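Got the viewer open? Let's take a short walk through this one, from the overall fold down to a few ring contacts.

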Amino acid sequence: MANEWNVGQKESGLKKETEYAVVVGLVTRQQTEEQVAEYLDELEFLALTAGAITQKRVVQKLDSPDNRTFVGSGKANEIAKYVEEHEEITMVIFDDDLSGKQVSILEELMKVKIIDRSSLILDIFAGRAQTAQAKTQVELAQMQYMLPRLRGLWTHLERQRGGIGMRGPGETEIETDRRIIRDKISKLKKDLEKLDRQAATRRKGRDTMVRVALVGYTNVGKSTLMNLLTKSDVFAEDKLFATLDTTVRKVAYEGVPFLLTDTVGFIRKLPHHLIESFKSTLDEVRESDILLHVVDVAHPVHADQIRTVQTLLKELGVEEKPTVLVFNKVDLFRERNYDLYLDEEGRDEVEEGLRKSLESEFGHEAMLISAHTKENLDALRQRLVEMVKEQYQTTYPYVATYW
């Protein structure tokens, strides 16, 4: 199902030189073969976004991950042999997190870069970050990810500080490296607190306006929809995490003003440190009044993606906010799922059944749209106006008297 993610269809804009990779997944008692196949489709798309084309995917079945090689010595040797026979391969990417010890053992065996899912996502975020806040958030997450893996990952860390008095009696190099990273983490946290205060001050200036936040899985079309709803030019691309920086635009429909916010996309197995670091950015979601949860209805596991987003929204404490499920890419859904001879009446019945079943399962009003063909955008705008008016009457009744 890799074609569902358009894997290999486009070149990445993040790196100048294309790299080639092997991706590896593990079927365990917690992950079925079907789930792992879907996870590897997504991992391939993550790799492509970072600038690597997948040459081979490997799936291993184990009750639990091997402590040394993750996939077991036999499968690890099999991968190493394949890598040796294909000189163009420069990395092996694992779909789950690896310990520093596992990375060290696998790199020694395979003689190429060993990357896990979290480090790959962090690399993409580092390449996408544009503002000082986003860059600081990503660097903090990278340092926190690195710290517990130092013993396995590093035999030497380039000195960022040193000199007389910096090394204690009998202090080992790894202990010095840990201290350097802890100091860096402390500084980044202070920098981020300052940036957070500045962002909070900016948000206070918008206190008398209803806020609507676009949320959803990555690559579902949030930024494209943002552009259409606001007639602005937010960066949008068919890649995962096309934008990390929160974008806020003032909109007015039928004379009713509100703020529309585009936020970073969510994804399965999002690194914990990344969620922690980006909580300040996600304050835009916490402080919103209405959520537009955008879904790629054409994706084969869109229901799983909805559950992933809802889990993260629950962690943020915003699952009870007024929400509309916006099922985008309905044109692509028809192209992939409808018989050529299905008439318009039959199509309408299928789509109404889909909408009702999704509303029943996920507990929110659902709308089917296409940002690409602009289908049902007027209906979405009208629904937004109704919800924003209701919110003004509840939250800012004195403001509502002005329009």
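Start with the cartoon view: you should be able to pick out 15 helices and 10 strands. Keep in mind that this is a predicted model. Colour by burial next, and 52% of the 403 residues come up as buried. Switch to the surface and you are looking at about 19700 Å² of exposed area, with carbon and sulfur atoms supplying 48% of it. For the contact map fans: take contacts with a separation of 6 or more, and 73% of them join residues 24 or more positions apart.

Now for the rings. How many aromatic pairs does a search of the whole structure find? It finds 3, and we'll stop at two of those.

Select F70 and F94 and show them as sticks. Their rings meet edge-to-face, 5.8 Å centre to centre, with 90° between the planes. F70 sits in the loop between β2 (52-61) and α2 (73-85), while F94 belongs to strand β3 (residues 89-94), so the pair ties together parts 24 residues apart in sequence. Buried or exposed, these two, F70 and F94? Both F70 and F94 are buried.

Next, jump to F333 and Y338. This pair is edge-to-face as well, at 5.7 Å centre to centre and 80° between the planes. F333 is buried, with a relative accessible area of 10%; Y338, at 16% relative accessibility, also counts as buried, because the cut-off is under 20%.

Last stop: select K56 and Y82. Here K56 lies over the face of the Y82 ring, 5.1 Å from the ring centre.

Definitions and conventions: Residues are numbered from 1 along each chain as its sequence is written. This is a predicted model: local features need pLDDT of at least 70, side-chain atom pairs count only at pLDDT 80 or more; totals for chains, interfaces and linings use all residues. Side-chain values use heavy atoms; hydrogens and water are left out. Rings of Phe, Tyr and Trp (its six-membered ring) pair if their centres lie within 6.5 Å; planes under 30 degrees apart count as stacked, over 60 as edge-to-face and the rest as tilted. Helices (H or I, at least four residues) and strands (E, at least two) are DSSP runs, numbered from the N terminus. Buried means under 20% relative accessible area, exposed over 50%, partly exposed in between (1.4 Å probe, protein chains only). A charge sits over a ring if NZ of Lys or CZ of Arg is within 6 Å of the ring centre and within 35 degrees of the ring normal. Contact means heavy atoms within 4.5 Å. Accessible areas come from the Shrake-Rupley method with a 1.4 Å probe; for residues, only the protein chains shown count as cover.
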